[in-house]
Amino acid sequence: FAMTVTYIQHVHTAKTAGAFLRLLAIWKGGVAKGIWKDLLFYLLLYTAISLTYRFGLNSSEELKSGFERICVFFDRFGDYIPLGFILGFYVTQVVNRWWTQCMTVPWLDNLCMNLTSFMPGDNMKKTRRLITRLAMLSNILTLRRISSGVAKRFPTYEHFIDPGLMTDKEMKKLEKLDQTTEGLHATTWYPIQWAQGVLRKARDEGSISSDFLYEKLQSNLQDICSKNGTLLMYAWVNIPLVYTQLVTIAVHIYFLVALFGRQYLTPTRYIGAAGDYVPVPAGTPGSVNLVGHDDSILDFYIPFFTILQFIFYFGWLKVAETLINPFGEDDDDIDVNYIIDRNFQISYIMVSANEDDEEPEDDTYGDSIPPATLPHTVSSFKTKESAPVLPADNILISEDEKTDVGDLHISSVFQRKMSARSCTPSQYEKQQSHTALGIIKTKFQNIANKTQPDDFDLPVLEEADKTKAEDSEHATKVNEHIA
């Protein structure tokens with residue numbers, strides 16, 4: 001059966017009313033398929049308890065009131081279980097872990113394209129295909145350890161020989177290595193090592209033109225081997241079991257309590273008379289119940305909001321159960337067998353290209369420049385958007401503001417501090433004054449730091465006075481320009 005439910009094609013636009021509501025009709029991978037059995041079993045239990053209360057406990061007021069007190073107690077303290085926090089955090093971790101594993105599954109495209117580019121020619125086709133097969137073999141051996149679907153497809157090494165993934169000689173090498181390790185360690189790296197040996201031989205023979213290209217191909221093989229190891233690590237080290245158990249217990253205990261706490265009760269009504277309580281018919285003015293039940297709650301046969309809560313929380317838990325092992329056999333698990341088939345055929349197509357296929361075609365535009373936009377069909381033109389607008393594209397500047405102030409020779413210190421276009425003349429003059437005072441202060445501090453009285457340098461003071469005078473002159477020119 002096929003896995004990995006894809007539904008985005010049904011919501012290609014949000015303009016349609018109820019775009020997501022249409023997805024509720026999808027059964028495979030949907031919430032209805034995931035929890036309908038649990039919900040049906042829960043409603044049967046709820047109905048059984050309700051019928052027992054309504055028809056089985058009427059003969060004994062003591063049993064009836066005792067049951068009602070239990071229900072009131074469960075309803076009052078059932079919400080003490082922090083179910084939303086515990087379950088929400090857990091599902092977040094599971095989803096992050098699931099997506100990381102999805103992105104870790106190796107694709108051989110980079111390796112195969114580099115093999116074709118760095119080892120061209122028909123004489124190297126056999127070598128390219130051999131390296132591709134060995135890399136593919138390593139990946140399948142890894143997936144076989146973590147995916148039940150792949151393990152059923154390739155249960156033994158003999159099942160790799162018939163489709164051409166492995167030779168008899170390679171099988172004997174793997175079996176010997178398994179005997180050496182006593183089956184305690186993964187040997188999925190072994191075919192990658194064979195592929196590296198083939199690359200090294202090709203480099204020694206000069207089939208790879210440079211060490212850089214050789215290193216790049218080795219890096220591609222190492223990347224595949226590294227991703228295989230990461231997948232094995234995720235399969236080995238799971239989310240701590242205690243957390244998974246805690247979430248499972250919290251959800252089931254919460255709804256076990258709700259089985260009683262959410263029951264609709266009809267407690268016996270009493271009214272005080274002569275220091276005692278006398279049972280009276282329901283609806284008698286001034287009557288009360290003695291079990292603490294909230295009289296404002298109406299008596300319904302169907303627990304509507306409890307059902308909604310069950311769907312939300314159990315649906316959430318079902319998400320975690322499905323995604324915690326993305327290589328299983330659930331509807332939303334990764335279809336690893338398809339990835340194997342795709343990688344195997346496409347990889348061979350990539351590395352089996354003929355030299356005739358590598359001849360470049362003529363430029364379709366010749367020496368001309370392509371148009372600003374490519375042609376549209378009638379259908380695509382209806383949804384054509386205008387060119388992007390950036391934040392500063394629509395700022396309008398008057399002719400006076402376009403005048404260049406570069407000829408005023410304003411010092412770089414003042415240009416960095418404040419632009420004449422962004423402040424009033426008084427603000428700019430104040431900024432200049434502060435800057436000049438800062439320069440003078442710095443000069444005097446340098447003088448005060450000298451240890452000997454003879455070290456006082458009068459030219460320094462003259463330079464500060466000169467700087468202040470120049471700043472005042474510049475400020476006057478800027479003010480005149482702004483005015």
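## The largest pocket

About 1,200 Å³ of space lies in the largest pocket of this structure. Keep in mind as you look around that this is a predicted model. The lining of the pocket takes in 31 residues. If you want to find the middle, head for Lys28, Gly29, Gly30, Val31 and Asp332, since these residues of the lining lie nearest the centre of the pocket.

Which helices each supply at least two residues of this lining? They are helix H1, running over 31-56, and helix H12, running over 304-323. As for the chemistry, the lining of the largest pocket splits into 16 nonpolar, 7 polar and 8 charged residues.

## A nonpolar patch on the surface

Now turn to the outside. Trp27, Trp36, Leu40 and Leu44 come together there as a nonpolar patch, and their accessible area adds up to about 450 Å².

Let's pick out one member of that patch, Leu44. You'll find Leu44 in helix H1, a helix that also supplies at least two residues to the lining of the largest pocket. Is Leu44 buried or exposed? Its relative accessible area is 54%, and exposed means over 50%, so Leu44 counts as exposed.

## The cavity

Next, the inside. How many cavities of 30 Å³ or more are there? The count comes to 1. The volume of the largest cavity is about 70 Å³. Around this cavity sit Phe74, Asp75, Gly78, Asp79, Tyr254, Val257, Ala258, Gly261 and Arg262, which make up its lining.

Two elements give two or more residues each to that lining: helix H2 (61-77) and helix H11 (241-261). H11 gives the most, with 4 residues. Sorted by class, the lining of the largest cavity has 4 nonpolar, 2 polar and 3 charged residues.

## An unusual spot at Glu182

Last stop: Glu182. What is the phi of this residue? Glu182 has a positive phi of about 55°, even though Glu182 is not a glycine. To spot Glu182 in the structure, look in the loop that runs between helix H8 (168-181) and helix H9 (190-204).

Is Glu182 buried or exposed? The relative accessibility of Glu182 is 64%. Since exposed means over 50%, Glu182 belongs with the exposed residues.

Note on methods: Residues are numbered from 1 along each chain as its sequence is written. This is a predicted model: local features need pLDDT of at least 70, side-chain atom pairs count only at pLDDT 80 or more; totals for chains, interfaces and linings use all residues. Side-chain values use heavy atoms; hydrogens and water are left out. On a 1 Å grid over the protein atoms alone, a cavity is a set of points where a 1.4 Å probe fits but cannot get out, and a pocket is an open set with protein on both sides within 12 Å along at least five of seven lines; lining residues have an atom within 4 Å of a point. Grid points are joined across faces, edges and corners, and a volume is the space filled by probe spheres set on the points. Ala, Val, Leu, Ile, Met, Phe, Trp, Tyr, Cys and Pro count as nonpolar, Asp, Glu, Lys and Arg as charged, and the others, Gly among them, as polar. Patches are made of residues with over 30% relative accessible area and no salt bridge: like charges are joined within 9 Å, nonpolar side chains (Val, Leu, Ile, Met, Phe, Trp, Tyr) within 5 Å. Accessible areas come from the Shrake-Rupley method with a 1.4 Å probe; for residues, only the protein chains shown count as cover. A salt bridge is a side-chain nitrogen of Lys or Arg within 4 Å of a carboxyl oxygen of Asp or Glu. Buried means under 20% relative accessible area, exposed over 50%, partly exposed in between (1.4 Å probe, protein chains only).
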